[in-house]
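Work through the exercises below with the model in view. Try each task before you read its solution.

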2 protein chains.
Amino acid sequence: MESNLKRMATMQRMQSTGLELFYQQGYYNTSIDDILKKLSLSKGAFYYHFQSKEDFLISIIQNLLFQKVYSMLVEPIEGQEDPLTVISKSIEDALETAEHNALDFGFVLSNFITEFNGKNPQIMKYLMDIIKVWEVNLITTLQKGKTDGYVDRHADSEAVATYVISSYIGIRTLMVEGNPRMLRYKYIQQLKNYFKLIAQKAIA
Amino acid sequence: MESNLKRMATMQRMQSTGLELFYQQGYYNTSIDDILKKLSLSKGAFYYHFQSKEDFLISIIQNLLFQKVYSMLVEPIEGQEDPLTVISKSIEDALETAEHNALDFGFVLSNFITEFNGKNPQIMKYLMDIIKVWEVNLITTLQKGKTDGYVDRHADSEAVATYVISSYIGIRTLMVEGNPRMLRYKYIQQLKNYFKLIAQKAIA
DNA sequence: CCAATTACCAACTGATTGGTCGGTTTATTT
DNA sequence: AAATAAACCGACCAATCAGTTGGTAATTGG
């Protein structure tokens with residue numbers, strides 16, 4: 001029974017390192033040996049815990065990635081009033097994380113979408129499901145914002161959500177090169193401008 | 001002298017097929033044999049014309065990709081009056097191309113950026129240079145739009161350009177899955193809303 | 001304390017890849 | 001027509017990779 005803990009601990013270590021390397025080098029460009037070398041583990045250990053490289057990836061997406069995206073981009077918005085403020089805040093936080101050090105999980109997600117597009121429909125489904133959760137939450141929050149008087153009633157919540165997600169994915173793609181700090185500043189500035197429009201009456 | 005034409009023709013065929021497969025399957029996931037098989041050519045032919053796979057890719061980026069992005073996203077805007085209208089038109093056209101059939105080169109560009117990020121700085125530079133050309137052109141056109149009275153003088157042209165590029169890259173990433181037609185519609189709708197703001201006075 | 005289960009090791013396999021090389025065919029020049 | 005060069009062929013090499021297998025070390029329950 002206690003061994004179950006060790007099993008989980010080892011699997012977690014593998015998943016965590018796997019996500020890190022998959023993010024840095026891409027899934028197809030990262031060999032299982034790369035991951036194992038970093039952990040000082042052997043092939044046998046890997047295939048004892050996971051059926052295949054793909055099975056390993058799926059477990060990472062559904063366990064690690066989903067949770068991280070959720071806690072970073074969904075939870076901070078959920079049920080809050082003044083949606084436009086909390087949405088821009090959550091995105092700004094995500095971009096700041098990205099700028100300072102390392103793993104911005106929203107970006108990991110969009111990287112994976114790009115990498116697996118047209119190659120692995122099953123993986124794509126898991127990834128798009130995470131996007132969907134974010135999207136639905138944005139829409140719900142925006143709609144609630146309408147009844148609470150924060151959002152213009154004429155705004156198309158679905159379209160706004162799409163636009164927000166798009167611009168976030170795009171700015172993260174651009175931030176990999178160039179001056180991330182400046183890019184973030186410019187981006188947030190325009191996002192807030194855009195939100196002003198939605199907060200107004202009878203324009204959107 | 002005449003043989004030079006044959007050389008160029010063969011190289012063009014290789015580059016064209018190469019770009020198509022690199023776009024569909026990714027660079028690292030496409031073997032040289034994949035390309036040669038499609039062209040009924042041999043390894044020898046490939047290495048007669050190109051030094052390496054990487055050299056091949058660079059030639060594709062600098063010859064094919066650059067020109068295509070330029071003619072699709074830069075040229076239609078260049079020197080035109082009423083910048084906001086022509087910009088949204090050019091993006092709408094690009095998305096329509098993407099939706100209907102095949103190669104949307106702006107998206108090829110952003111796919112490559114994602115794939116080579118952190119792996120090949122040299123390739124990244126070539127790719128970001130193309131983005132830069134687009135960005136500079138957007139900024140120039142927006143600035144000209146200010147003096148011509150189409151764009152609000154208070155608008156931050158650089159920030160607007162960044163925001164436009166970001167959202168385009170993002171929506172294309174999303175369009176790979178889901179309903180591309182609807183996504184395009186929603187996106188363009190919001191882009192035009194955003195542009196209304198910039199056309200107004202003293203807000204942006 | 002011992003047997004059984006869990007966790008892990010590391011050599012190996014078969015397939016794929018980028019790249020090489022000696023040779024053949026096709027076109028051009030003289 | 002002969003000689004030269006350009007264009008292409010395809011077998012081969014070394015490296016890499018996902019996955020297998022037969023074993024060993026550590027843990028645990030009886």
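Copies are superposed by least squares on the C-alpha atoms of residues with pLDDT of at least 70 in both. This is a predicted model: local features need pLDDT of at least 70, side-chain atom pairs count only at pLDDT 80 or more, and totals for chains, interfaces and linings use all residues. Residues are numbered from 1 along each chain as its sequence is written, while chains are lettered from A and ligands numbered from 1 in the order in which they are written.

**Exercise 1. Find the turn and the shift that lay chain A on chain B.**

Step 1. A turn of 180 degrees is needed, with a shift of 0.0 Å along the axis. Step 2. The fit has an RMSD of 0.1 Å. Step 3. That is the relation of a two-fold axis. Step 4. Both copies use the same surface: 98% of the contact residues of chain A recur in chain B. Here two residues are in contact if their C-beta atoms, placed from the backbone, lie within 7 Å.

**Exercise 2. Describe the secondary structure of chain A.**

Step 1. Take helices (H or I, at least four residues) and strands (E, at least two) as DSSP runs, numbered from the N terminus. Step 2. Chain A then has 9 helices and 0 strands. Step 3. Its C-alpha atoms fill a box of roughly 65 × 40 × 30 Å along the principal axes.

**Exercise 3. Work out which parts of chain A touch chain B.**

Step 1. The contact takes 44 residues from chain A and 43 from chain B. Step 2. On chain A, helices H1 (3–25), H6 (105–116), H7 (121–147), H8 (157–175) and H9 (180–199) each supply at least two residues. Step 3. H8(A) gives the most, with 14 residues.

**Exercise 4. Locate A:Asp82 and state its exposure.**

Step 1. A:Asp82 sits in the loop between helix H4 (53–74) and helix H5 (83–100) of chain A. Step 2. Its phi is positive, about 45 degrees, although it is not a glycine. Step 3. Count other C-beta atoms within 10 Å, placed from the backbone: 20 or more means buried, 12 or fewer exposed, in between partly exposed. Step 4. A:Asp82 has 15 such neighbours, so it is partly exposed.

**Exercise 5. Name residues with the most contacts inside the largest nonpolar core.**

Step 1. A nonpolar core is a set of buried Ala, Val, Leu, Ile, Met, Phe, Trp, Tyr and Cys residues joined through C-beta atoms within 7 Å. Step 2. The largest has 105 residues. Step 3. Those with the most contacts inside it are A:Leu65, A:Leu109, B:Leu65 and B:Leu109. Step 4. Leaving aside neighbours within four places in sequence, A:Leu65 is in contact with residues including A:Leu19, A:Phe105 and A:Leu109.
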